[in-house]
Amino acid sequence: MKTVAIYPGSFDPITNGHLDVLRRATSMFDHVIVGIAPNAEKHPLFTTPERLALTRAAIKGIRRASVEEFDGLLVDYAQRKKAQVLVRGLRAVSDFEYEFQMALMNRKLAARVETIFLMPKDEYTFISSRLVKEVAMLGGNVSDFVPVVVQKALKAKIAAG
Ligand code: PNS
């Protein structure tokens with residue numbers, strides 16, 4: 001049986017840290033779907049179609065990975081996709097509390113869907129979409145943190161005001 005994993009998140013925007021976690025996941029599972037949640041309450045910088053397009057461009061070349069948007073509960077989406085695994089990246093202890101809470105809630109909702117945590121390479125552990133946006137907005141160089149396509153999109157977004 002094929003093992004399908006979902007790598008869910010806001011991906012606003014996708015970073016090199018996300019890509020590192022995705023690569024690790026694709027080496028473990030037959031297929032990994034990057035699931036983009038609209039997360040309207042987080043007031044994303046990029047619209048859902050923009051995040052989909054950026055993520056699609058960024059993951060080009062990573063075999064066994066695809067990207068989709070999903071609405072509603074993550075575990076319902078996982079079950080619709082016949083996914084057995086949810087993948088989340090863990091960068092630091094500070095991520096743990098929120099991640100632990102979500103993993104246990106998801107397990108309560110769907111006992112057969114397992115959450116696994118993957119750690120990105122140490123050089124990516126300080127990268128977050130939130131910080132990348134802040135640095136880019138204030139004119140900082142984000143080329144080490146995001147793929148070129150995202151760098152360009154951030155520039156365009158900032159220029160558009
Ligand atoms: O990248 P993020 O913003 O930390 O990702 C959070 C995400 C999208 C994984 C989480 O908000 C989520 O799973 N949203 C879908 C709705 C849902 O299932 N909520 C209950 C989670 S226990």
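**Exercise 1. Describe the surroundings of N106 in helix α4.**

Step 1. N106 belongs to helix α4; helices here are DSSP runs of H or I with at least four residues, strands are runs of E with at least two, and both are numbered from the N terminus. The model is predicted, so local features need pLDDT of at least 70 and side-chain atom pairs count only at pLDDT 80 or more, while totals for chains, interfaces and linings use all residues. Residues are numbered from 1 along each chain as its sequence is written, and side-chain values use heavy atoms, with hydrogens and water left out.

Step 2. N106 counts as buried because its relative accessibility is 12%. Buried means under 20% relative accessible area, exposed means over 50%, and partly exposed lies in between (1.4 Å probe, protein chains only).

Step 3. Not counting residues up to four places away in sequence, N106 touches L74, V75 and L86. Contact means heavy atoms within 4.5 Å.

**Exercise 2. Work out the strand order of the sheet and place helices α1 and α4 on the sheet.**

Step 1. The sheet is open and has 5 strands, in the order β3-β2-β1-β4-β5, with parallel pairing. Two strands pair if DSSP finds at least two bridges between them.

Step 2. β3 (65–69) and β5 are the edge strands, each pairing on one side only.

Step 3. On average, neighbouring strands are turned by 30 degrees against each other, direction ignored. Axes are lines fitted to C-alpha atoms, for helices over the stretch in contact, and angles run from 0 to 180 degrees between N-to-C directions.

Step 4. As one pairing within the sheet, β1 (residues 4–9) and β2 (residues 31–36) are joined in the parallel sense over 6 bridges. I6 stands opposite I33 in β2.

Step 5. Helix α1 (residues 16–26) packs on the sheet and touches β1, β2, β3, β4 (85–89) and β5; its direction makes about 150 degrees with that of β2. Helix α4 (residues 93–109) also packs on the sheet, touching β4 and β5, and its direction makes about 170 degrees with that of β4.

**Exercise 3. Characterise two of the aromatic pairs.**

Step 1. A search of the whole structure gives 4 aromatic pairs. Rings of Phe, Tyr and Trp (its six-membered ring) pair if their centres lie within 6.5 Å; planes under 30 degrees apart count as stacked, over 60 as edge-to-face and the rest as tilted.

Step 2. F70 and Y77 are stacked, at 4.9 Å centre to centre with 10 degrees between the planes. F70 counts as buried because its relative accessibility is 6%, and Y77 counts as buried because its value is 3%.

Step 3. F126 and F145 are edge-to-face, at 5.8 Å centre to centre with 90 degrees between the planes. This pair links distant parts of the chain: F126 is in the loop between β5 (114–118) and α5 (129–137), F145 is in the loop between α5 and α6 (148–160), and they are 19 residues apart.

**Exercise 4. Which residues of the lining lie nearest the centre of the largest pocket, and which element gives the largest share?**

Step 1. The largest pocket holds about 1200 Å³ of space. A pocket is found on a 1 Å grid over the protein atoms alone, as an open set of points with protein on both sides within 12 Å along at least five of seven lines; lining residues have an atom within 4 Å of a point. Grid points are joined across faces, edges and corners, and the volume is the space filled by probe spheres set on the points.

Step 2. Of the 42 lining residues, G9, S10, K42, R88 and Y98 lie nearest the centre.

Step 3. β1, α1, β4, α4 and α5 are the elements that give two or more residues to this lining. The largest share, 9 residues, comes from α4.

**Exercise 5. Inspect the backbone in the loop between β1 and α1, then at K82.**

Step 1. F11 is found in the loop between β1 and α1. Its phi is near 50 degrees, a positive value in a residue other than glycine. F11 counts as buried because its relative accessibility is 3%.

Step 2. P13 lies in the loop between β1 and α1. The peptide bond from D12 to P13 is cis, with omega near 5 degrees.

Step 3. K82, in the loop between α3 (74–80) and β4, has a positive phi near 55 degrees. K82 counts as exposed because its relative accessibility is 65%.

Key
1 Å grid on protein atoms, 1.4 Å probe; cavity = no way out; pocket = protein on both sides within 12 Å on 5 of 7 lines; lining within 4 Å.
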